Amino acid sequence: MSIAENIARVRANIAAAAAEAGRKPSEITLVGASKMNDACRCREAVAAGIDALGENRVQEMTAKLEEHAYDGAPLHFIGHLQRNKVKQVVGKVSLIQSAGSLELLEEIEKTAARLEIVQDILLEVNIGEEGGKSGFFPPELLSGAEAALKKSHVRVLGLMAIPPAEAEREENLQYFDKVRGLFLDMDEKLFHNSLRVLSMGMSGDYEDAVRAGATMVRVGTAIFGSRHYM
Ligand SMILES: *Cc1c(COP(=O)(O)O)cnc(C)c1O
């Protein structure tokens with residue numbers, strides 16, 4: 001199957017899941033998670049109409065930017081972001097989906113201020129409260145959002161979450177519901193119901209995520225095929 005055929009199939013599945021939930025497919029942004037796929041394959045996804053591409057590793061993204069891999073589509077950063085790499089990401093991407101700590105928010109703010117831009121971000125919530133994984137723990141989320149609101153060079157568009165990898169389907173659905181609950185609570189309390197982006201769902205669970213209210217899904221394997229780790 002070609003990348004274009006895969007995108008068409010994923011879109012059809014998203015449309016069906018959206019319909020089941022009484023939603024329109026146009027409410028859902030399809031982000032291709034393009035890690036370990038070269039510039040040529042990224043361009044193929046762009047040509048096939050992917051809504052955005054998301055990268056995980058700063059070094060890989062920087063190299064592919066030089067090769068014009070993403071021309072024609074918005075680029076997101078979706079991976080774990082180290083503070084010392086923030087300079088290579090702010091201003092280079094339209095959305096940082098993985099702003100998951102106060103220190104990282106501060107570094108993004110400083111870098112964006114220096115560039116005199118406003119960087120769009122999502123707050124990442126560590127919904128499974130897993131050690132060694134990035135993201136605000138649920139009890140810290142509101143104070144994280146308050147801190148972000150005080151910064152004039154970051155703009156919070158919503159929330160991103162990756163439930164624990166080992167969760168079975170039922171448990172995974174509960175995590176999605178929890179994330180949506182946090183999203184609605186934060187939106188109402190701090191953002192006057194203006195947040196639009198709830199990013200959750202990957203190749204194995206994007207249809208469940210859409211039924212649970214996701215407005216953005218990040219799909220890698222189902223679009224690009226399996227990755228070959230070396
Ligand atoms: C790789 C990745 C994805 C996509 O994973 P697949 O299971 O291949 O669809 C989504 N989100 C993040 C943050 C990722 O790193």
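A polar contact is taken here as a pair of N or O atoms within 3.5 Å. With that cut-off in hand, the ligand site of this predicted model can be read contact by contact. A polar side-chain atom of S203 comes to 2.5 Å from an oxygen atom of the ligand, and a polar side-chain atom of T221 likewise lies 2.5 Å from a ligand oxygen atom. G220 takes part through its backbone, where a polar atom is 2.8 Å from an oxygen atom of the ligand. The protein buries 88% of the 390 Å² that the ligand exposes when taken alone.

It helps to look next at the company the ligand keeps. Around the ligand stand A33, K35, N56, I78, I162, M202, S203, R218, V219, G220, T221 and R227. Sorted by class, this shell holds five nonpolar, four polar and three charged residues.

The wider setting is a pocket. The ligand sits in the largest pocket of the model, whose volume is about 620 Å³. A total of 25 residues line this pocket, and K35, I162, M202, R218 and R227 are the ones nearest its centre. The lining of the largest pocket is made up of nine nonpolar, nine polar and seven charged residues.

Definitions and conventions: Residues are numbered from 1 along each chain as its sequence is written. This is a predicted model: local features need pLDDT of at least 70, side-chain atom pairs count only at pLDDT 80 or more; totals for chains, interfaces and linings use all residues. Side-chain values use heavy atoms; hydrogens and water are left out. On a 1 Å grid over the protein atoms alone, a cavity is a set of points where a 1.4 Å probe fits but cannot get out, and a pocket is an open set with protein on both sides within 12 Å along at least five of seven lines; lining residues have an atom within 4 Å of a point. Grid points are joined across faces, edges and corners, and a volume is the space filled by probe spheres set on the points. Ala, Val, Leu, Ile, Met, Phe, Trp, Tyr, Cys and Pro count as nonpolar, Asp, Glu, Lys and Arg as charged, and the others, Gly among them, as polar. A residue is near a molecule or strand if one of its heavy atoms lies within 4 Å of it. A polar contact is a pair of N or O atoms within 3.5 Å; within protein, one must be able to donate a hydrogen and the other to accept it, and residues adjacent in sequence count only if both atoms are side-chain atoms. Accessible areas come from the Shrake-Rupley method with a 1.4 Å probe; for residues, only the protein chains shown count as cover. A molecule sits in a cavity or pocket if more than half of its atoms lie within 2 Å of its grid points.
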